[in-house]
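User: I would like to go through this model term by term and ask, for each label, what justifies it. Please set the values against the definitions before drawing a conclusion.

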Amino acid sequence: MAASHAEKTHAAPAAPQGGGPRKGTVAVRVVGRPDSLEQRIYLPEVVKGLGVTAKHFFANLFSRKYTVTVEYPEQKVKYPPRNRGLHRLMHREDGEVRCVACMLCPTVCPAHCITIVPEETGNGNEKRPKVFEIDELRCVVCGLCVEACPCDAIRMDTGEHATAVDFRADAILGKLDLLKRGAASTAVQGGVGGDWRAKADKTRDETP
Ligand code: SF4
Ligand code: SF4
């Protein structure tokens, strides 16, 4: 279509001797308006567009050939294993919360949606969260809290979505909500077993 348009070309200023475009200049091509009746009324293009729409409509009606959507919520797509769902807090083997209130997750959280108030556990060397809250409305589902946690205390592997709420405050999940969704985890720092330091020392000593 453009080939039949009246076109005027404003040539770029002559290149300097030695070839190559002159720095700081541009070529402007002025494209004329459509001149034939067919081009001016756009009807053939409109008919072509409708043809594509009709083709997809009938193909989907009888064979769903071009359908890329699913009938949610009756039909659900399978989430990939690394999908980030609603948060949960993991338990130790004795049922206690694994979180040691180290404050790494609220520090790394870009949405500032994690609130932790620590308390002493009473054993002299550990803390635990007295309050642990996540505002799921402010969460941007980045997963950084899970990455930052040194003791596998927080996960987002539930496959659950944050539920719709009428009031903003209802979107804040508390410690009990998060623990209810949790499960026992026996992960240890480094993920290689409780005696990881002894093994690492042995490997280092044996390495020539
Ligand atoms: S997923 Fe990201 S935004 Fe959500 S609580 Fe964790 S760190 Fe914050
Ligand atoms: S990073 Fe882990 S251990 Fe530290 S406060 Fe967050 S959930 Fe608790």
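User: In what order do the three strands form an open sheet, and is the pairing parallel or antiparallel?

Analyst: The order of the three strands is β4-β5-β7, and the pairing in this open sheet is antiparallel. This is a predicted model, in which local features need pLDDT of at least 70 and side-chain atom pairs count only at pLDDT 80 or more, while totals for chains, interfaces and linings use all residues; side-chain values use heavy atoms, with hydrogens and water left out. Residues are numbered from 1 along each chain as its sequence is written, and chains are lettered from A and ligands numbered from 1 in the order in which they are written.

User: Why do β4 and β7 count as edges?

Analyst: β4 and β7 (172-173) each have a single partner strand, so one side of each is left without a neighbour in the sheet. The strands themselves are DSSP runs of E with at least two residues, helices being runs of H or I with at least four, and both are numbered from the N terminus.

User: How do you know that β4 and β5 pair, and what supports the pairing of β5 with β7?

Analyst: Two strands are said to pair if DSSP finds at least two bridges between them. Strands β4 (residues 114-120) and β5 (residues 127-135) run antiparallel and are joined by seven bridges, with Val-117 opposite Val-131 and Glu-120 having Lys-127 as its bridge partner. β5 and β7 are joined over two bridges, again in the antiparallel sense; here Asp-135 faces Ile-172, and Ile-134 stands opposite Leu-173. Both pairs therefore satisfy the rule of at least two bridges.

User: Which residue takes a positive phi in the hairpin of β4 and β5, and which residue has one although it is not a glycine?

Analyst: In the hairpin, which has six residues between its strands, Gly-122 has a positive phi near 100 degrees. Tyr-42, which is not a glycine, has a positive phi of about 60 degrees and lies in the loop between α1 (37-41) and α2.

User: What makes the peptide bond from Tyr-72 to Pro-73 a special entry?

Analyst: The bond from Tyr-72 to Pro-73 is cis, with omega near 10 degrees, and Pro-73 belongs to the loop between α2 (43-63) and β3.

User: Why is the contact of Glu-126 and Arg-92 called a salt bridge?

Analyst: The term requires a side-chain nitrogen of Lys or Arg within 4 Å of a carboxyl oxygen of Asp or Glu. The N to O distance between the side chains of Arg-92 and Glu-126 is 3.2 Å, so the pair meets this cut-off. It links distant parts of the chain, 34 residues apart, with Glu-126 in the loop between β4 and β5 and Arg-92 in the loop between β3 (88-89) and α3. Over the whole structure, the search finds eight salt bridges.

User: How many cavities of 30 Å³ or more are there, and what volume does the largest cavity have?

Analyst: The count is two, and the largest cavity has a volume of about 80 Å³. On a 1 Å grid over the protein atoms alone, a cavity is a set of points where a 1.4 Å probe fits but cannot get out, whereas a pocket is an open set with protein on both sides within 12 Å along at least five of seven lines; lining residues have an atom within 4 Å of a point. Of the 14 residues lining the largest cavity, Cys-99, Cys-102, Cys-105, Cys-149 and Ala-153 are the closest to its centre. Helix α3 (residues 104-108) contributes the most to this lining, with three residues. The second largest cavity has a volume of about 70 Å³.

User: Where does each ligand sit?

Analyst: Ligand 2 takes the space of the largest cavity, and ligand 1 sits in the second largest; sitting there means that more than half of a molecule's atoms lie within 2 Å of the grid points. Around ligand 1 there are 13 residues (near meaning a heavy atom within 4 Å), with Cys-109, Cys-139, Cys-142, Gly-143 and Cys-145 the closest. Ligand 2 has 14 residues around it, and Cys-99, Cys-102, Met-103, Cys-105 and Cys-149 come nearest.

User: What classes make up the shell around ligand 1 and the shell around ligand 2?

Analyst: The shell of ligand 1 has 11 nonpolar, two polar and no charged residues, and that of ligand 2 has 14 nonpolar residues with no polar and no charged ones. Ala, Val, Leu, Ile, Met, Phe, Trp, Tyr, Cys and Pro count as nonpolar, Asp, Glu, Lys and Arg as charged, and the others, Gly among them, as polar. Gly-143 beside ligand 1 is therefore polar by this rule.

Methods
Grid points are joined across faces, edges and corners, and a volume is the space filled by probe spheres set on the points.
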